[in-house]
Amino acid sequence: MLAAELRLHDVRVLVLDKDTDPGSPVRIVSLHVRSIELMAMRGLLERLREHTRQRPAAGLFAAIDKPAPRHLDSAHAYLLGISQPVLVRLLEEHAIESGARVRRGCPVVGVEQDGEGVTVELAGGERLRSRYLVGCDGAHSTVRARLGVGFPGEPSRTETLMGEMRVGVPQEEIAAKLADLRGTHRRLMVRPVGGGFHSVAVPAAEVTDRATPPLLEDFSRRLHAVAGTDFGVHSPRWLSRFGDATRLAERYRVGRVLLAGDAAHVHPPTGGQGVNLGIQDAVNLGWKLAAQVRGWAPDTLLDTYHAERHPVAEQVLDNTRAQLELHATEPGPQAVRRLLAELLDFDEVNRHLVEKVTAIDIRYDFGEACEPNGGHRGEACEPNGGHRGEACEPNGGHRGEACEPNGRYHGAGPDLLGRRLRDLDLRQGNLYDLLHRGRGLLLDRTAGLTADRWSQRVDRLVDPTVALDVPGLLLRPDGHVAWIGADQRDLDDQLRRWFGRPA
């Protein structure tokens with residue numbers, strides 16, 4: 001994904017992959033709302049959709065079975081399940097079609113940098129030179145280790161065996177057994193995934209070396225211990241194990257080397273946020289790194305990658321920690337789980353947690369906001385005295401309901417600053433269709449604003465009919481609102497801040 005983002009801005013990019021082929025366990029991952037929006041912004045959604053299975057954004061937090069909240073603030077308020085190898089293949093094809101090069105079977109063993117660039121040493125002794133390097137090389141990142149970046153957090157306390165295999169008993173028997181065990185063994189899962197296979201997850205007896213894959217006999221033994229039966233499992237398609245280690249890199253950037261994805265953060269898979277967090281890292285970083293390479297980036301632009309994404313990862317680590325506690329079978333955690341299940345019956349609570357897990361609640365801190373007349377407020381307060389961080393509209397409505405059923409934002413104003421903007425209907429199509437090229441976008445409802453001096457980096461659309469109660473706004477290439485107002489001088493300041501000096 002990052003390689004394709006860089007290619008949107010004509011940056012030469014090489015992907016080094018230690019694996020010789022893209023094959024990986026055929027596990028199903030879920031693309032969450034924000035990741036689906038990003039795919040739509042880059043014109044990838046329809047390409048992915050034929051390989052996915054859509055389901056509601058429901059039951060996400062600690063797998064507590066509750067329906068999706070009403071009027072979720074997105075035109076893509078659902079989840080898409082997709083096979084991980086298929087997702088990898090489609091994104092690789094997209095990157096290559098965009099002009100990226102991919103070399104497989106090339107483990108990186110050394111990284112050195114100086115004031116002009118980065119030297120990478122491969123396992124066979126080959127040395128490559130680049131201006132920048134991004135380590136997307138996973139939890140045991142060689143790049144992170146060579147940088148000496150700390151990776152504090154907690155080691156795995158528990159381990160889970162997971163795989164896909166066939167079973168030898170009817171589904172009704174499996175469902176009855178799982179219903180009996182639901183209150184005491186929440187980490188046990190046996191569910192059909194199609195093609196006659198079942199996805200099986202069962203707690204391991206102890207934490208072991210993740211590099212050693214489990215055997216089918218390990219699954220059978222642990223299923224007998226936990227469920228009293230192994231359900232006749234046989235013919236595995238893939239087998240793996242995962243722990244609940246939770247760690248966050250101290251820094252996402254050291255000079256010309258950056259970290260993204262699991263190289264920057266690891267956490268339990270509860271809530272299915274890992275793949276999504278990495279995709280969102282890539283889209284945040286891509287245009288900023290491209291701007292640095294192309295020579296037009298403002299001085300501090302690349303540093304905003306850490307400033308924006310590190311706090312997001314902190315929040316994900318915290319919510320996965322909380323979810324994991326709710327899976328514990330002791331009386332205390334189970335009492336908290338029952339209480340939270342009651343609270344989730346309130347739509348506001350359900351919405352808050354779904355927005356958190358699906359990443360549509362993210363608000364980057366862009367500093368001073370602007371009054372509708374273009375003046376700086378300095379303070380992060382609404383005109384009625386409410387704090388900007390509060391989720392309240394001027395009329396008292398929750399920001400989760402900031403969209404009428406007809407799709408019009410009401411009372412949004414400065415509260416949108418730093419947030420992503422949902423896909424809106426425009427006179428000439430959809431908003432996200434205008435972001436396929438990874439450029440900024442000035443959305444002008446007044447016909448009096450201009451970004452002509454930045455026309456090589458920012459597009460302009462005049463549409464007085466768009467469903468927004470603001471005169472104009474500036475979108476970054478990742479879809480986050482960088483400016484709101486009607487004052488041209490203030491707009492010019494923000495264009496310089498995000499898109500450098502005029503061309």
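Is R309 buried or exposed? I put this first in the notebook and looked the residue up in the model, which is a predicted one. R309 has a relative accessibility of 1%. Buried means under 20%, so R309 counts as buried.

**Entry: surroundings of R309**

I located R309 in helix α9, which covers residues 304-327. I then listed its neighbours, leaving aside residues up to four places away in sequence. R309 touches Y252, L277, Q280, D281, N284, I362 and Y364. Two of these neighbours I examined for polar contacts of the side chain. The side chain of D281 makes a polar contact with that of R309 at 2.8 Å. The side chain of Y364 is joined to that of R309 by a polar contact of 3.0 Å.

**Entry: α9 against α10**

I next turned to the packing of the helix that holds R309. Which residues of α9 meet α10? I found E325, L326 and H327 on the α9 side. On the α10 side they meet P333, Q334, V336, R337 and L340. Sorted by class, this contact has four nonpolar, two polar and two charged residues.

For the geometry, I noted that the axes of the two helices come within 7 Å and cross at roughly 110°. Angles of 65 to 115 degrees count as roughly perpendicular, and α9 and α10 are therefore roughly perpendicular to each other.

**Entry: helix α11**

I checked the length of α11, residues 347-358, against expectation. At 1.5 Å a residue, its twelve residues should span 16 Å. The C-alpha atoms at its ends are 16 Å apart, so the model agrees with the expected span.

I then asked which residues of α11 are buried. They are D347, N350, R351, L353, V354, E355, V357 and T358. As a reminder for reading such a pattern, I wrote down that an α-helix has 3.6 residues a turn, so residues three or four places apart point the same way.

What covers these buried residues? The cover includes α9, the helix of the earlier entries, and α10 (331-343). It also includes α2 (33-41) and the strand β4 (78-83). After α11 comes A359, and I recorded that its phi is positive, near 70°.

**Entry: the chain as a whole**

Finally, I looked up totals for the protein chain. It has twelve helices and 24 strands. Of its 503 residues, 52% count as buried. I also considered contacts between residues at least 6 apart in sequence, and 70% of these join residues at least 24 apart.

Terms used
Residues numbered from 1 in each chain as written. Predicted model: local features only at pLDDT ≥ 70, side-chain atom pairs only at ≥ 80, totals over all residues. Heavy atoms only, no water. Helix = DSSP H or I, 4+ residues; strand = E, 2+ residues; numbered from the N terminus. Buried < 20%, exposed > 50% of the residue type's maximum accessible area, 1.4 Å probe, protein only. Polar contact = N/O pair within 3.5 Å; in protein donor to acceptor, adjacent residues only side chain to side chain. Contact = heavy atoms within 4.5 Å. Expected span 1.5 Å × (residues − 1). Axes fitted to C-alpha atoms, helices over the stretch in contact; angles between N-to-C directions. Parallel < 35°, antiparallel > 145°, perpendicular 65-115°, else oblique. Nonpolar A, V, L, I, M, F, W, Y, C, P; charged D, E, K, R; others polar.
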